[in-house]
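Me: I have a chain to go through before I set up any calculations. Could you walk me through its architecture?

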Amino acid sequence: MTQTSLFQNPHSRYAFVSLAGGMRRIDLLAPEGVLRLRTAACLWGLELPRMPVEAVPLEAALPDPRGAPMPSRDVTEKDGRLLTSLERTVFDCARELARYDALAVVDQGLARGVRREALAARARRARGPGARQAVAVIAMGDAGAESPGESLVRGVVVDAGFPRPSCQVPALPTRYRVDLGHAGYRCALEYDGDAFHSGRVNRARDAVRHAALAAAGWRVLPVNGEFRRDPAPLPGRLAHHAPERGLDPHPGPPRPHRHPHHPPAPPSAPPLAGQVGRAMGVSRSIGPG
């Protein structure tokens with residue numbers, strides 16, 4: 001099958017494969033193979049929160065008359081290689097990757113201009129493994145997330161039962177904004193990735209910022225790069241971060257601040273680490289959307 005016939009045939013069928021070795025083996029792929037999933041995500045510049053580029057497997061769709069159909073509108077060409085379109089790539093990731101990785105890709109796709117309505121329509125048509133996850137992750141997506149780390153934090157917080165935090169919240173009355181926050185509670189989560197928050201100068205800048213937020217009545221919970229490797233403790237930290245503000249795993253309107261001599265009852269226990277762990281695993285590859 002030539003590239004020309006691929007684009008002309010709206011019902012081309014493919015078998016999906018995943019090979020170790022990643023980008024180093026891309027030249028071994030047959031010209032008619034279509035790069036997809038995490039390989040396509042990397043080529044589109046979408047970052048995977050817990051997988052460096054060199055660890056990404058080579059994932060592709062190879063022509064197979066017994067395989068699943070892939071519409072020609074879902075295939076494009078980039079740097080001489082066939083790969084899934086940006087919209088199809090984001091949808092495949094929403095359906096097939098682990099939940100939090102999927103959310104990070106959806107956030108980035110929305111920020112790049114992929115329409116939520118188009119993704120949701122694909123999810124409604126989808127059947128089989130991953131279809132329900134795709135619906136949920138696409139609905140949770142937020143173009144305001146500025147890093148995959150922020151997406152990961154938001155996913156863990158929501159899955160623990162806390163109110164969904166907003167992205168890039170103005171921390172009034174200061175001039176700052178916070179990565180993730182609940183303005184009604186004046187509580188914030190700041191994802192301090194290693195790239196912009198390590199080193200003496202960056203740490204000093206962050207200290208000044210956090211002091212200004214605290215003086216304005218904001219409670220800030222910093223989350224560092226270690227969180228990507230082990231997110232399970234975060235719900236417990238958040239549950240004990242500002243209990244007097246009423247921020248606990250029971251969504252509802254903000255409650256009035258209590259007198260410091262009459263603290264509220266301890267918050268509910270956070271979810272077991274296994275619940276977070278299950279959302280971190282990679283699901284098996286499945287059929288098209």
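The exchange below goes through the chain as a whole, then its sheet, its helices and some backbone details.

Me: What kind of model is this, and how many helices and strands does the protein chain have?

Reply: It is a predicted model. The protein chain has 12 helices and 10 strands.

Me: How much of the protein chain counts as buried?

Reply: Of its 289 residues, 49% count as buried. The accessible surface of the chain is about 14,000 Å², and carbon and sulfur atoms contribute 56% of that area.

Me: And what share of the contacts comes from residues 24 or more positions apart?

Reply: Among contacts with a separation of 6 or more, such residues account for 69%.

Me: Let us turn to the sheet with β7 in it. In what order do the strands lie?

Reply: The order is β7-β8-β9-β10, an open sheet of 4 strands with mixed pairing. β7 (166-170) and β10 (219-224) are the edge strands, each paired on one side only. From one strand to the next, the twist averages 45°.

Me: Which way does each pair run, parallel or antiparallel?

Reply: β7 and β8 (residues 177-182) run antiparallel and are joined by 4 bridges. β8 and β9 are also antiparallel, with 3 bridges. β9 and β10 pair in the parallel sense, over 6 bridges.

Me: Which residues are bridge partners, if I want to trace a path across the strands?

Reply: Begin with Cys 167, whose bridge partner in β8 is Leu 180. Leu 180 in turn has Leu 189 as its bridge partner in β9. Further along β9, Tyr 191 is partnered by Val 223 in β10.

Me: Is β9 mostly covered or mostly exposed?

Reply: β9 is mostly covered, as 6 of its 6 residues are buried. Cys 187, Leu 189 and Tyr 191 point one way, while Ala 188, Glu 190 and Asp 192 point the other way. In a regular strand, side chains alternate between the two faces of the sheet.

Me: Which helix lies across these strands?

Reply: Helix α7 (residues 148-159) lies across β7, β8, β9 (187-192) and β10, and runs at about 140° to β9.

Me: Now the other helices. Which residues of α5 are buried, and what covers them?

Reply: In α5 (residues 116-125), the buried residues are Ala 118, Leu 119, Ala 121, Arg 122 and Ala 123. Their cover includes α3 (86-96), α4 (99-111) and α6 (131-140).

Me: How do α3 and α5 cross?

Reply: Their axes come within 10 Å and cross at roughly 55°, which means that α3 is oblique to α5. The crossing is right-handed. Glu 87, Arg 88, Val 90 and Phe 91 of α3 make the contact with Ala 118, Leu 119, Arg 122 and Ala 123 of α5.

Me: And α3 with α6, at what angle?

Reply: The angle is roughly 115°, and the axes come within 7 Å. α3 is therefore roughly perpendicular to α6. This crossing, too, is right-handed. On the α3 side, Phe 91, Ala 94 and Arg 95 take part, meeting Ala 131, Gln 133, Ala 134 and Ile 138 of α6. Phe 91 thus appears in the contact with α5 and in the one with α6.

Me: Changing topic to the backbone: which peptide bond is cis?

Reply: The bond from Leu 172 to Pro 173 is cis, with omega near 10°. Pro 173 lies in the loop between β7 and β8.

Me: Which residues have a positive phi although they are not glycines?

Reply: Gln 168 is one, with a phi of about 55°. Arg 186 is another, also with a phi of about 55°. Gln 168 sits in strand β7, whereas Arg 186 is in the turn of the hairpin formed by β8 and β9, which has 4 residues between the strands.

Me: Why does Gln 168 count as buried, and what about Arg 186?

Reply: Gln 168 counts as buried because its relative accessibility is 13%, under the 20% cut-off. Arg 186 has a relative accessible area of 34% and is therefore partly exposed.

Me: Last one: where is Pro 71?

Reply: Pro 71 is in the loop between β4 (68-69) and β5 (75-78). Its relative accessible area is 23%, so Pro 71 is partly exposed. Pro 71 and Ser 12 are 59 residues apart in sequence, with their C-alpha atoms 6.8 Å apart in space.

How values were computed:
Residues are numbered from 1 along each chain as its sequence is written. This is a predicted model: local features need pLDDT of at least 70, side-chain atom pairs count only at pLDDT 80 or more; totals for chains, interfaces and linings use all residues. Side-chain values use heavy atoms; hydrogens and water are left out. Two strands pair if DSSP finds at least two bridges between them. Helices (H or I, at least four residues) and strands (E, at least two) are DSSP runs, numbered from the N terminus. Axes are lines fitted to C-alpha atoms, for helices over the stretch in contact, and angles run from 0 to 180 degrees between N-to-C directions. Contact means heavy atoms within 4.5 Å. Buried means under 20% relative accessible area, exposed over 50%, partly exposed in between (1.4 Å probe, protein chains only). Accessible areas come from the Shrake-Rupley method with a 1.4 Å probe; for residues, only the protein chains shown count as cover. Angles under 35 degrees count as roughly parallel, over 145 as roughly antiparallel, 65 to 115 as roughly perpendicular and the rest as oblique. A crossing is left-handed if the near helix is turned anticlockwise from the far one by less than a right angle, and right-handed if clockwise.
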